[in-house]
Amino acid sequence: MVAEQNNSVKAAALAMAARGWCVFPCKPKTKTPATANGFKDAGSDPAIVEKMFAGDFNIGVATGPASGFWALDLDGADGLAALAKLETVHGALPLSVSQRTGGGGRQVFFRWNGIEIKNRTKIGGAPIDVRGDGGYVVVPPSIHPSGNKYEWENDPAATPVVEAPDWLVSFVTSKALSSQSLTFTVKATSDDLTTAPGVAEGQRHATALRLIGAAVGRGSDVCAVAQQAVEWGHRCRPPMPDNETLKIVSDLSVKDRIKVDQEIDAEPLPEPVEWPVLDEDAYHGLAGEIVQAILPETEADPAAILIQLLVSFGNMIGRQAYYKVEGTRHHANIFAVLVGSTARGRKGTSEGRVRQVLRFIDEKWSLNNIKTGLVSGEGLIWNVRDPIYKLEHIKEKGRIVGSQEVLADAGIKDKRLLVVESEFASVLRVCRREQNTLSPTMRSAWDSGDLRTLAKNLPATASNAHISIIGHITVEELRRTLLEVDSFNGFCNRFLWVAVRRSKLLPDGGRDLDLSPYAARLAEVLVKAQAVDRLRRDEAAAALWRHEYPNLAD
């Protein structure tokens, strides 16, 4: 039974490490770290985690930028009641990873977005604590000193860690809260459009109804309410569309509808930007034929289908083919990010259609070589690692007479890896963390395929890896998170950034397609492409390149 419990804890710790959480062992049935430096020894390297959890332990996870989240800690029934009081004013918390602690409390995890959130206790005099930068939490399947188990309420394997609403961030970071302000100060400003914080997408409409309704009910000038409502909508995450906000104002103030419309017409709007459309020449050849075959039966953007097909097929080709620029070899490992609205961009739809075609060609590659979870440079290396050897002593009659290298890990033979990240904003945030090795490792993956870090405890390296990346992100997330990343270090220059949107409306979805004929032809191309080494431009392509090169060099 003890061995079974140990294995369960180790497996859970490894799963969290693979998610990018920095874990460390705590003494059995306690919250006390079992390492020399406490939570400062936390890490996500699987080899180190494997060694740390070789015994009977609880699991600790370092909070803050180390693992990319902070925790709202509700102490027992009183803590739950205090949160309920706040939620009656601001609305329910969004669904995020959460757990029931062994002591009867509840902890809700929220994404770390760069705002400094430190450990705090008894915020506003209420039994509400925070575990942030410099702290840690104990997680399932750990056992509380009472003997009760920690249990996931919303398991991280099935629930994303989301950003906290602005009002909660303000609450946990405010230094002026008292026990009375918990009830009264927050409520006093909760219905004021000019000061109310924005909310998450699922709460926007209901909150707008309450805020705008309160403003109209107080007899405020409808035009002023319209302007305030638009500004409030821009504070939401993602921003609430102006037309949706103004529709609520209009509906709640029927008598002044004409006046509101006139004010809207008078408000200067930004010049519309023409949507970029990919030239028809881009859809040439077999790739273009596949896009055209899929397009009538999908809402996806044709550019999204094409780009993801090229990135995926380039990964299937592997590292044999290359084009040489001076002394540098460029292979078919492409990095691309699709930028569009959360649902209306149909980014995931396009990726699914592409995978449908490629599964016909190489099902083993589709099952084994497509992964997600870019959380650290060490984790990326581990998925394409070379064989690992270690030095062992040779003994004779109890005496060391020599040493020899033995194979400790067979490594990964197929170095092709396609990483698909549907939440690429989280990757950008990870790259921003101090001492995180993901950004330089990804750059090395694009440049040479030879990967290693300076982490002294990581034995894994990778050579000749063929890594491609497909990311999905919304416009709002890109604008916000790209500012937090060193975009001038060449990281962003290695990506193709593709604007995508829904191509059409198909209320019943697209019909099933028989794409096997195209897959058969694509399989023939794959065989030929994998037999090619150095690529060269033909005369027409070379002439065109020489003509355009001065324009590109500006």
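This briefing describes the overall make-up of the structure and then selected local features.

The model is a predicted one. The chain has 554 residues, of which 46% are buried, and it contains 19 helices and 18 strands. Among contacts in the chain with a separation of 6 or more, 75% are between residues 24 or more positions apart. The structure also holds 17 salt bridges.

**Helices α10 and α18**

- Helix α10 spans residues 285-294 and helix α18 spans residues 516-529; their axes come within 11 Å and cross at roughly 160°. Because an angle over 145 degrees counts as roughly antiparallel, α10 is described as roughly antiparallel to α18.
- The crossing of these two helices, α10 and α18, is left-handed.
- On the α10 side, the residues that meet α18 are Leu286, Glu289, Ile290 and Ala293; on the α18 side, they are Tyr518, Arg521, Leu522 and Val525. By character, the residues of this contact comprise six nonpolar and two charged, with no polar ones.
- Helix α18 also includes Ala523, which is partly exposed at a relative accessible area of 25%. The C-alpha atoms of Ala523 and Phe360 are 8.5 Å apart in space, although the two residues are 163 residues apart in sequence.

**Salt bridges between separate parts of the chain**

- Arg502 and Glu299 form a salt bridge through their side chains, with an N to O distance of 2.9 Å. This pair links distant parts of the chain, 203 residues apart: Arg502 is in the loop between β17 and α18, and Glu299 is in the loop between α10 and α11.
- The two partners differ in exposure class: Arg502 is partly exposed, with a relative accessible area of 26%, whereas Glu299 is buried, with a value of 9%.
- A salt bridge also joins the side chains of Arg385 and Asp409, again with 2.9 Å from N to O. Arg385 is in the loop between α14 and β13 while Asp409 belongs to strand β14, so this salt bridge ties together parts that are 24 residues apart in sequence. Both Arg385 and Asp409 are buried.
- In the salt bridge of Asp447 with Arg494, the closest N and O atoms are 2.9 Å apart. Asp447 is part of helix α16 and Arg494 is in the loop between α17 and β17, so the pair ties together parts 47 residues apart in sequence.
- Asp447 is partly exposed, with a relative accessible area of 32%, whereas Arg494 is buried, with 18%.

**The network around Arg237, and helix α15**

- Glu163, Asp166, Arg237 and Arg429 are joined into one network by salt bridges that share partners.
- Within this network, Arg237 is located in the loop between α7 and α8. Arg237 counts as buried because its relative accessibility of 17% is under the 20% cut-off.
- Beyond its neighbours within four places in sequence, Arg237 is in contact with Glu163, Ala164, Pro165 and Asp166, and also with Gly198, Val199, Ala200 and Glu201.
- Arg429, another member of the network, is one of the buried residues of helix α15. The others in that helix are Phe424, Ala425, Val427, Leu428, Val430 and Cys431.
- Helix α15 covers residues 424-432, and seven of its nine residues are buried, so the helix is largely enclosed by the rest of the structure.

**Backbone features**

- Most residues other than glycine have a negative phi, and most peptide bonds are trans. The following residues depart from those patterns.
- The peptide bond from Arg237 to Pro238 is cis, with omega near -10°; Pro238 lies in the loop between α7 and α8.
- Pro140 and Pro141 are likewise joined by a cis peptide bond, with omega of about 5°. Pro141 is situated in the loop between β7 and β8.
- Lys29 is not a glycine, yet its phi is positive, at about 60°. Lys29 is in the loop between β1 and α2 and is partly exposed, with a relative accessible area of 48%.
- Glu326 also has a positive phi, near 55°, in a residue other than glycine. Glu326 occupies the loop between β9 and β10 and is exposed, with a relative accessible area of 76%.

Technical notes
Residues are numbered from 1 along each chain as its sequence is written. This is a predicted model: local features need pLDDT of at least 70, side-chain atom pairs count only at pLDDT 80 or more; totals for chains, interfaces and linings use all residues. Side-chain values use heavy atoms; hydrogens and water are left out. Axes are lines fitted to C-alpha atoms, for helices over the stretch in contact, and angles run from 0 to 180 degrees between N-to-C directions. Helices (H or I, at least four residues) and strands (E, at least two) are DSSP runs, numbered from the N terminus. Angles under 35 degrees count as roughly parallel, over 145 as roughly antiparallel, 65 to 115 as roughly perpendicular and the rest as oblique. A crossing is left-handed if the near helix is turned anticlockwise from the far one by less than a right angle, and right-handed if clockwise. Contact means heavy atoms within 4.5 Å. Ala, Val, Leu, Ile, Met, Phe, Trp, Tyr, Cys and Pro count as nonpolar, Asp, Glu, Lys and Arg as charged, and the others, Gly among them, as polar. A salt bridge is a side-chain nitrogen of Lys or Arg within 4 Å of a carboxyl oxygen of Asp or Glu. Buried means under 20% relative accessible area, exposed over 50%, partly exposed in between (1.4 Å probe, protein chains only).
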